[in-house]
Amino acid sequence: MRREDAIALLAGAELEWDDVAPFVSPGEHGYTRRRIARTDAFEMLVMTWRPGQRSAPHDHAGSLCALRVMRGSVHETRFSPAPDGLVDPRVRGELREGEVAVDTTEDVHALSNDAADGSLLVTLHVYAPPLPELRRFAARPSETRALPIFARPRAEGAPTVAVIGGGFSGTLAAAHLVRLASHEGRALHVVIVDRQAAFGEGAAYRTADARHLLNVPASNMSAWPDRREHFLAWARRRDPEVAPTDFLPRRLYGEYVRDAFFEVASESAESVSAEIVRAEVHDVRRDAGRWILDSDRGAAIHADAIVVATGHRPPECPIGDRWSGSRSRYIEDPWASLALSAIAPDEPVVLLGTGLTAVDVLLTIARAPREAPVTAISRRGLAPASHATSPVRAIDPSEWLDPLLERGPTARTLVRDLRGAVARAEDWRAVIDGLRPHTARVWRALPEREATRLLRHARAYWEVRRHRVAPPVAAILGELESRGVFRTLAGRVLAARADDEGITLDVRARGAIDPHALRTAWIVNCTGPGSGARLADAPGLGALLRARHLELDRLGLGVRTDEHGRAREGDRVRGDLLVIGTLRKPDLWESTAVPELREQARDAARTVLDHLADHARA
């Protein structure tokens, strides 16, 4: 759809209030979106805004957006991107009832209802093509300015380190690089490359839903291994009532990660510079001893070393070619910010998966009072356990673990001894938490055949106890279950058939011989992050794999690295190619949570700088 077509569609249409009134639905938790129509080419929605409700700064991720004000007045703020990854307000305007505006695909703006008289704002929007997510930008706080580190030219002779990925791991690796180089008086240029609009967030902390809570108490969420109270102190500056045991909203944490980087950047040496490139890396190659990163925007980036911190991959479709009919009611990526907004409270939903992703989706679609049932299906039907309501002291596992490792563990003996330790403990959480610092050592001690058995038979039981939900989230799940709104089902989806009114699933429950039919209005893929086997299709990573600079492990978990995170390339390791995060699961197994990732980020920065120093002396 062209800009002119969009203007003509909304400005020329003979629309009355009665045409949109059935879709007006004020929400308590933010402005609401109700879909009128959707095709592959466009989508039309009605949005309702209470006074004071506003959107975050955003662009339209490749879609053309046209809006018409049906009631009230909308205030619009337009923003300009700044070199430090934030956006600055540029101009404010107002659209009144009946007026039409069109935004191009890359305009960054925010909308709000600033009515002082308490009146609703209702807007009609057309997106072409349909918009899967809003790319949310981080606006600069009014009292701050861009730091000098982003305006400095690269110092003469300074090596460049490119960090691919701007989530928690990538941002913290960049922060450690800046801090170490500044402390040691070394020249360095750091580039963070990420396609997302706001660095520091990643998939986990990009959520705008206040009911999505951190899965770790505030006292253990510091970004710095050597400053354990850092996050708690940051949170208390915003709310002095925050307790060490509180599980805070995840949406705050991305802001914290950015602030942690800016804190270090504000103290950087003159010889250290940085830039943030908002782009998708689609090719990585070597030329004349340096890395060259090609992206979908701008000139190529030349780097002396790379830190790969790409985080979770999109989920894989568990149904595949066993689907017939339209997929318009199948949400493949639950992390896309707008994907769930079309689901109404009176429409039944099936979640494929019962883990933390399913919990997030359930919390979002149950914000408004939910009437229709939500069924979560997985092979074993296991939902995540809850943290204890009061702190539990971890139990040192050495008494039973050391003899097991000396004998040489198998999947069977490991599970047997772990169950024995749980049976002796007052709280099973104390055993799981005590084992956490030792998981990499245990994992490395398992022969490949035994590791495969552990993954097949015990992985799900470990993960629902290891990756627990906050007690307030567990309370919501319990309430939804008690009302019959939510249930888990152990089984497999054999096929899906979509028609004009919904979807029919053929489900075989665990232990059953014959399948049964399950009718639903929506299916959401909550199977969690994609496996390492699909990395070859990922932009950037695929190029590194094809050139064998990165190698997949044989269990399909990620890529091969050494104990420092250096990529294994055949029989050698690369000091100029470091890996952080979930891709390191083949070596560490536990490689997803902040306590592990903050140490990986620190160690990666140290390893890269040591390699660059050795290379300069050679």
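1. In this predicted model, Arg 416 and Asp 417 form a salt bridge in which the closest N and O atoms are 2.9 Å apart. Asp 417 has a relative accessible area of 15% and is therefore buried, the limit for that class being under 20%. A search of the whole structure finds 52 salt bridges, and the points that follow take up a few others.

2. One salt bridge that links distant parts of the chain joins Asp 402 to Arg 441, with 3.7 Å between the closest N and O atoms. Asp 402 lies in helix α8 (residues 398-407) and Arg 441 in helix α11 (residues 439-445), the two residues being 39 residues apart. Both ends are partly exposed: the relative accessible area is 28% for Asp 402 and 39% for Arg 441.

3. A salt bridge within a helix is formed by Glu 463 and Arg 459, whose closest N and O atoms are 3.4 Å apart. Because these two residues are four residues apart in helix α13 (residues 459-466), about one helical turn separates them. Glu 463, with a relative accessible area of 25%, is partly exposed, and Arg 459 counts as partly exposed as well, at 29% relative accessibility. Elsewhere, Arg 286, Glu 569, Arg 572, Arg 574 and Asp 576 are joined into one network by salt bridges that share partners.

4. Turning to the sheet, six strands form an open arrangement with mixed pairing, in the order β13-β12-β11-β17-β27-β26. Since β13 (272-278) and β26 (566-569) stand at the edges and have a single partner strand each, one side of each is left without a neighbour in the sheet. On average, and with direction ignored, neighbouring strands are turned by 30° against each other.

5. At one end of that order, β12 (residues 188-194) pairs with β13 in the parallel sense over seven bridges, and the bridge partner of His 189 in β13 is Ser 273. Helix α3 (residues 168-184) packs on the sheet, where it touches β11 (160-164), β12, β13 and β17 (305-308), and its direction makes about 175° with that of β12.

6. The largest nonpolar core has 58 residues, and those with the most contacts inside it are Phe 168, Leu 177, Phe 231, Tyr 253 and Phe 261. Two or more residues are given to this core by each of β11, α3, β12, α5 (230-238), α6 (250-265), β13, β17 and α17 (594-617). The largest share, nine residues, comes from α3. In soluble globular proteins, nonpolar side chains tend to be buried together.

7. Which residues does Leu 177 contact, leaving aside its neighbours within four places in sequence? They are Val 161, Val 163, Leu 188, Val 190, Ala 605, Val 608 and Leu 609. A second, separate core of 29 residues includes Ala 339, Ile 365, Val 473 and Trp 522.

8. A last point concerns Thr 32, which is found in strand β1 (residues 32-38) and is buried, with a relative accessible area of 17%. The side chain of Thr 32 reaches the backbone oxygen of Ser 25 at 2.5 Å. Not counting residues up to four places away in sequence, Thr 32 touches Ser 25, Pro 26, Gly 27, Val 46, Met 47 and Thr 48.

Technical notes. Residues numbered from 1 in each chain as written. Predicted model: local features only at pLDDT ≥ 70, side-chain atom pairs only at ≥ 80, totals over all residues. Heavy atoms only, no water. Salt bridge = Lys/Arg side-chain N within 4 Å of Asp/Glu carboxyl O. Buried < 20%, exposed > 50% of the residue type's maximum accessible area, 1.4 Å probe, protein only. Pairing = 2+ DSSP bridges. Axes fitted to C-alpha atoms, helices over the stretch in contact; angles between N-to-C directions. Contact = heavy atoms within 4.5 Å. Polar contact = N/O pair within 3.5 Å; in protein donor to acceptor, adjacent residues only side chain to side chain. Core = buried A, V, L, I, M, F, W, Y, C linked by side-chain atoms within 4.5 Å.
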